[in-house]
Amino acid sequence: RRGHIEYGSSGINAEYGVLLYKSSSSNTSSSNTSTSNTSANNTSASNTTVNLSAIWFTIIATYSMWPLLQKDELEIMYIASMGVFLTLTCIVLRNQETSIHLLRVFLFSLLGCAVIHGLEVFVEPPSRYPHLWPTLCSAYSSVHFGLFFCYYNYLQIQ
């Protein structure tokens, strides 16, 4: 088979809980073993990036639901769950080696979410644009989703 998911020692990384995708070009056990070792070595260096992107995606996905949660009057649940998730994220990231550049981009992205929330709370939208803040939230999230789409497709192609 050209590409398949293997549930071996390199298929599921128990330390990070990440399912790793491998492609193999032949079905012989010797080539699968060598591919398996190479894949395990290559993915161990990039697991932090995959984990941070998964955490980042989860945060942005939850943030994108803010207008709907507001409509259903679930603001307190959103704030509480995001607070717990961000606290756990800080604990996880503190124990991992993460690129300082990637961490800065991640924090800048979260700052953008916080700024849009702050604008919604403290600044009244213009009367001719009453839905400015939900639209800005959706646009900000859409840009992130487009970038995540490109990034995850890039990871699959590698």
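What pattern does the protein chain follow when read along the sequence? The order is β-β-β-β-α-α-α-α-α. That gives 4 strands and 5 helices. The model is predicted, with an average pLDDT of 78 for the protein chain. Buried residues account for 28% of its 158 residues.

**Confidence**

- A pLDDT of at least 70 is reached by 68% of the residues.
- Residues 1–36 fall below 50 in pLDDT. This stretch still has 43 contacts in the model beyond near neighbours in sequence.
- Where pLDDT is low, predicted coordinates should not be read in detail.

**Contact range**

- Take the contacts in the protein chain between residues at least 6 apart in sequence. Of these, 61% join residues at least 24 apart.

**Nonpolar core**

- The largest nonpolar core has 17 residues. Those touching the most other members are W56, I59, I60, Y63, Y78, F106 and C137.
- Five elements each give two or more residues to this core: helix 1 (29–64), helix 2 (66–71), helix 3 (75–94), helix 4 (100–122) and helix 5 (132–157).
- Helix 1 provides the largest share, with 6 residues.
- In soluble globular proteins, nonpolar side chains tend to be buried together.

**Around W56**

- Which residues does W56 contact, leaving aside its neighbours within four places in sequence? They are L102, V105, F106, S109, H144 and F148.
- One of these, F106, is also listed with W56 among the core residues that touch the most other members.
- L107 lies in helix 4. Its C-alpha atom is 9.6 Å from that of W56, with the two positions 51 residues apart along the chain counted as their separation.
- L107 counts as partly exposed because its relative accessibility is 49%.

**Helix 4 against helix 5**

- The axes of helix 4 and helix 5 come within 10 Å. They cross at roughly 170°.
- Helix 4 is therefore roughly antiparallel to helix 5.
- On the helix 4 side, the meeting residues are F108, S109, G112, C113, I116, L119 and E120. On the helix 5 side, they are W133, L136, C137, Y140 and H144.
- S109 and H144 take part in this meeting of helices, and both also contact W56.

**E120**

- E120 belongs to helix 4.
- Beyond its neighbours within four places in sequence, E120 contacts W66, Q70 and W133.
- E120 and W133 are 13 residues apart along the chain. Their C-alpha atoms are separated by 5.9 Å.

**Cysteines**

- How many disulfides does the structure hold? The count is 0.
- Why is C113 not bonded to C137? The closest cysteine sulfur to that of C113 is in C137, 7.4 Å away, and so too far for a bond. A disulfide needs the two sulfur atoms within 2.5 Å.
- The reverse holds too: for the sulfur of C137, the closest cysteine sulfur is in C113, at 7.4 Å.
- Both cysteines are on the list of residues where helix 4 and helix 5 meet.
- C113 has a relative accessible area of 6%, so it is buried.
- C137 is buried as well, because its relative accessible area is 1%. C137 is one of the core residues that touch the most other members.

**E73 in the loop**

- Where is E73 found? It sits in the loop between helix 2 and helix 3.
- Phi of E73 is near 60°, a positive value in a residue other than glycine.
- Most residues other than glycine have a negative phi.
- Is E73 buried or exposed? E73 is exposed, because its relative accessible area is 68%.

Methods. Residues are numbered from 1 along each chain as its sequence is written. This is a predicted model: local features need pLDDT of at least 70, side-chain atom pairs count only at pLDDT 80 or more; totals for chains, interfaces and linings use all residues. Side-chain values use heavy atoms; hydrogens and water are left out. A nonpolar core is a set of buried Ala, Val, Leu, Ile, Met, Phe, Trp, Tyr and Cys residues joined through side-chain atoms within 4.5 Å. Buried means under 20% relative accessible area, exposed over 50%, partly exposed in between (1.4 Å probe, protein chains only). Contact means heavy atoms within 4.5 Å. pLDDT is the predictor's confidence in each residue, from 0 to 100. Axes are lines fitted to C-alpha atoms, for helices over the stretch in contact, and angles run from 0 to 180 degrees between N-to-C directions. Angles under 35 degrees count as roughly parallel, over 145 as roughly antiparallel, 65 to 115 as roughly perpendicular and the rest as oblique.
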